[in-house]
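Please work through the exercises below with the sequence and the model open beside you. Each task is followed by a solution that goes step by step.

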Amino acid sequence: MKKLVKLSLFLYSLLVTVTAVADDKVIGIGFQKGSGLLSVLKAQGTLEKSLSAQQLKVKWIEFPAGPQLLEALHAGNVDFGLTGAPPPIFAQAAGVDLLYVGAEPASPSAEAIVVAKDSPLKTVAQLRGKKVAFQKGSSSNLLVLAALRKAGLSMQDIQPVYLAPADARAAFVSGSIDAWVIWDPYLAAVQHSLPVRVLADHQGLLPANSFYEASRRLAEKSPAALNIILNQLAQTGAWARANPQLLAGIIAPQLGLPPAVIETWQARSRYGVVPVSADIAGRQQEIADLFYQNKLVPKPVNIRQQVWLWNPK
């Protein structure tokens, strides 16, 4: 029976992949609701216009977090997306042939380890033996690892609880976990709705960019389209920096969050797509090496070999 189930899953995966890559005129873009420039680009509809000259269409697919997005990229359901720094490292170690095609600047306060306001925990060092929830393989995985290292601890010193954002929030509210590691806009939402306290964020830790990733299929078959997407994102980033109120007006309806939550989130967000320079790739390699040294990924990965150089207009 188990062999039959595995065979069925394999055949389903194969069918999905064949279906996904069969239409070279459709580009699948993975995004996280309300998060980053891709959500703005989707709402504005400008990318569809830009790609129509290439006889290409866009298919938008929503994901709860970066690891799930890159699983879809591996399956061929997505050609392009944005994640934090760790998801592509985990994906590379699992054999996903992704390309780093662009980077967003680090936002040190846009992610944090939070505890209840009345929690006895006052420092990261006091997390020893405690239940800490985060999405495995996500940017929050990096934050907890880096914060623990700075406090002289390791992942073996805590009880990791691997949960997606919605499940982690429920566990946090119920008190079944001691701390929650989460990113914006979830962080801003919980700060405005629950009595919480920030134990640590990325301040003083290894800077971590967010990355735009693409499938090799897209880069090889439609490099012009990939350039269009990145240049469109760069233009959208410039617009976002110049129009924070209009940006909030686009994002708020997508999330159904109060204006105060959006304002908190946007005040600590940084937008600006840039090519993956040697310095950026080097920092990502440091993060990859850190995960490998802590036995969180099964093998070392090479970041620079997976960089696709984009030449902005």
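**Exercise 1: two helices that cross**

Helix H11 passes helix H12 in a right-handed crossing, where right-handed means that the near helix is turned clockwise from the far one by less than a right angle, and left-handed that it is turned anticlockwise. The model is a predicted one, in which local features need pLDDT of at least 70 and side-chain atom pairs count only at pLDDT 80 or more, while totals for chains, interfaces and linings use all residues. Residues are numbered from 1 along each chain as its sequence is written, and side-chain values use heavy atoms, with hydrogens and water left out.

Task: At what angle do H11 and H12 pack, and which residues make the contact?

Solution. Begin by locating the helices, which, like the strands, are DSSP runs numbered from the N terminus (helices are H or I with at least four residues, strands E with at least two). H11 covers residues 244-255 and H12 covers residues 259-267, and the two pack at an angle of about 125° with their axes 10 Å apart. The axes are lines fitted to C-alpha atoms, for helices over the stretch in contact, and the angles run from 0 to 180 degrees between N-to-C directions. H11 is therefore oblique to H12, given that angles under 35 degrees count as roughly parallel, over 145 as roughly antiparallel, 65 to 115 as roughly perpendicular and the rest as oblique.

Next, list the contact, which means heavy atoms within 4.5 Å. H11 contributes Leu 247, Ala 248, Ile 251, Ala 252 and Leu 255, and H12 contributes Ile 262, Trp 265 and Gln 266. Sorted by class, this contact of H11 with H12 holds 7 nonpolar residues, 1 polar residue and no charged residues. In this sorting Ala, Val, Leu, Ile, Met, Phe, Trp, Tyr, Cys and Pro count as nonpolar, Asp, Glu, Lys and Arg as charged, and the others, Gly among them, as polar.

**Exercise 2: a second helix pair**

Task: How do H5 and H13 pack, and which residues meet?

Solution. H5 (residues 86-93) and H13 (residues 278-293) pack at about 60°, with their axes 10 Å apart, and this angle makes H5 oblique to H13. The crossing in which H5 passes H13 is right-handed. From H5, Pro 86, Pro 88, Ile 89 and Phe 90 meet Gln 284, Ile 287, Ala 288 and Phe 291 of H13. By class, the contact of H5 with H13 has 7 nonpolar, 1 polar and no charged residues.

**Exercise 3: buried positions and their partners**

Task: Which residues does Gly 137 contact, leaving aside its neighbours within four places in sequence?

Solution. First place Gly 137, which is found in the loop between strand S6 (131-134) and helix H6 (139-150). Gly 137 has a relative accessible area of 2% and is therefore buried, where buried means under 20%, exposed over 50% and partly exposed in between, with a 1.4 Å probe and protein chains only. Its contacts, with those neighbours left aside, are Pro 67, Pro 86, Pro 87 and Phe 90. The C-alpha atoms of Gly 137 and Ala 65 are separated by 9.5 Å, although the two residues are 72 residues apart along the chain.

Task: Where is Val 196, and is this residue buried or exposed?

Solution. Val 196 belongs to strand S9, and with a relative accessible area of 17% Val 196 is buried. Val 196 and Ala 116 are 80 residues apart in sequence, yet 4.4 Å apart in space from C-alpha to C-alpha. Not counting residues up to four places away in sequence, Val 196 touches Val 115, Ala 116, Lys 117, Phe 172, Val 190 and Gln 191.

Task: Which residues of H8 are buried, and against which elements do they pack?

Solution. In H8 (residues 186-193) the buried residues are Leu 187, Ala 188, Ala 189 and Val 190. They pack against strand S5 (111-116), helix H7 (165-174), strand S8 (179-183), strand S9 (196-201) and H12. Pro 185 lies in the loop between S8 and H8, and the peptide bond from Asp 184 to Pro 185 is cis, with omega near 5°.

**Exercise 4: backbone angles**

Task: Where is Gln 55, and what is its phi?

Solution. Gln 55 sits in the loop between helix H3 (46-52) and strand S2 (57-62), and its phi is near 55°, a positive value in a residue other than glycine. At 54% relative accessibility, Gln 55 counts as exposed.
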